[in-house]
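User: Hi! I have a new model open and would love to talk it through with you. Shall we start with the packing?

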2 protein chains.
Amino acid sequence: MLFSTRAEYGVRLMVELGRQEDGAPVALSTVAENERLPLSYLEHLVAKLRKVGLVESQRGAHGGYRLGRPADEIEMLEVVQALEGAIAPMECFHPAPEGKVSCSHETDGDQACATKLLW
Amino acid sequence: MLFSTRAEYGVRLMVELGRQEDGAPVALSTVAENERLPLSYLEHLVAKLRKVGLVESQRGAHGGYRLGRPADEIEMLEVVQALEGAIAPMECFHPAPEGKVSCSHETDGDQACATKLLW
DNA sequence: GGCATAACCGACCATTCCGCTAGGATTTCC
DNA sequence: GGAAATCCTAGCGGAATGGTCGGTTATGCC
């Protein structure tokens with residue numbers, strides 16, 4: 001219950017687009033079919049991705065979507081952010097220096113951690 | 001939009017309890033006052049924390065709550081999990097080995113990533 | 001030109017979750 | 001006995017989630 005299906009669908013969508021190696025655009029309907037996702041819902045998601053340039057669109061017959069950038073230049077975080085809105089966890093929840101997800105629970109750290117956010 | 005206020009309130013609560021160095025329990029009302037949080041809402045949260053043993057309670061007058069374990073043995077993740085429910089982001093969203101939040105976007109990795117979850 | 005195809009756009013809708021309140025019951029200390 | 005506190009259950013308004021639907025526009029192909 002941390003990421004909604006939007007993020008998941010979005011990633012799936014991007015992955016599906018990334019599979020298409022030649023420049024040909026992929027119709028959203030084939031993505032929906034492949035991933036078993038509701039087409040009309042995907043439309044909304046892909047619209048957001050287009051607005052931030054993560055995908056490009058080609059209208060009309062034989063149109064579709066393709067990645068806006070080479071696949072290996074796209075980070076998953078971007079996709080999630082574009083769909084989920086600004087990610088603002090809890091301020092003290094930046095991945096700690098060593099990569100572990102837990103903030104220092106010493107008295108000083110706490111003082112800062114508990115109050116910094118609001119006042 | 002990643003963690004709800006539950007997680008935040010819960011952490012604040014735990015921090016507040018952690019401040020009390022002697023074993024005396026802290027009344028929820030004082031926590032609510034200190035942190036400017038609604039008391040009756042905190043009751044629900046602390047109930048969950050109690051069920052998983054993160055806090056202990058003392059009923060009756062001059063009762064209250066104290067940490068179920070020494071403060072430095074409690075990880076923030078535990079608190080969040082207890083309140084937010086099982087954390088099940090997207091399967092491929094485990095913090096990557098190096099600590100960076102992005103899953104390998106190579107064709108093989110994607111194959112696994114996109115389909116592993118559902119089928 | 002016409003038609004199928006597909007991206008676009010906006011409104012709506014049911015359900016669930018979030019944050020919170022209310023009211024009471026129970027336990028404990030003085 | 002009464003105040004102080006935890007405990008428990010029920011509900012509620014608003015927002016977000018996850019969709020659907022209908023229609024409009026653009027484009028390739030016959």
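User: Leaving aside neighbours within four places in sequence, which residues is L13(A) in contact with?
Analyst: Happy to help! This is a predicted model, and in it L13(A) makes contact with V31(A), L42(A), L45(A) and V46(A), once neighbours within four places are set aside.

User: Nice. Which residues touch the most other members of the largest nonpolar core?
Analyst: L13(A) is on that list, together with L42(A), L45(A), V46(A) and V79(A). The core has 23 residues.

User: And which helices supply at least two residues of this core each?
Analyst: In chain A, those are α1 (5-19), α2 (28-35), α3 (39-51) and α4 (76-84). The largest share, seven residues, is from α1(A). Apart from this core there is another one with 22 residues, including Y9(B), L42(B), V80(B) and L83(B).

User: Switching to the DNA: which residues are closest to strand C?
Analyst: L28(A), S57(A), S4(B), P38(B) and G60(B), out of 25 residues surrounding DNA strand C. Elements giving two or more residues to that surface are α2, α3 and β2 (64-67) in chain A, plus α1 (5-19) and α3 (39-51) in chain B.

User: How many of those surface residues are nonpolar, polar or charged?
Analyst: Nine are nonpolar, eleven polar and five charged.

User: Last one: where in chain A does pLDDT stay under 50?
Analyst: Over residues 92-119, where the model has 30 contacts beyond four places in sequence. Where pLDDT is low, the predicted coordinates should not be read in detail. Chain A as a whole averages a pLDDT of 77, with 70% of its residues scoring at least 70.

Technical notes: Residues numbered from 1 in each chain as written. Chains lettered and ligands numbered in written order. Predicted model: local features only at pLDDT ≥ 70, side-chain atom pairs only at ≥ 80, totals over all residues. Core = buried A, V, L, I, M, F, W, Y, C linked by C-beta atoms within 7 Å. Buried ≥ 20, exposed ≤ 12 C-beta atoms within 10 Å, placed from the backbone. Helix = DSSP H or I, 4+ residues; strand = E, 2+ residues; numbered from the N terminus. Contact = placed C-beta atoms within 7 Å. pLDDT = per-residue confidence, 0-100. Near = placed C-beta within 6 Å. Nonpolar A, V, L, I, M, F, W, Y, C, P; charged D, E, K, R; others polar.
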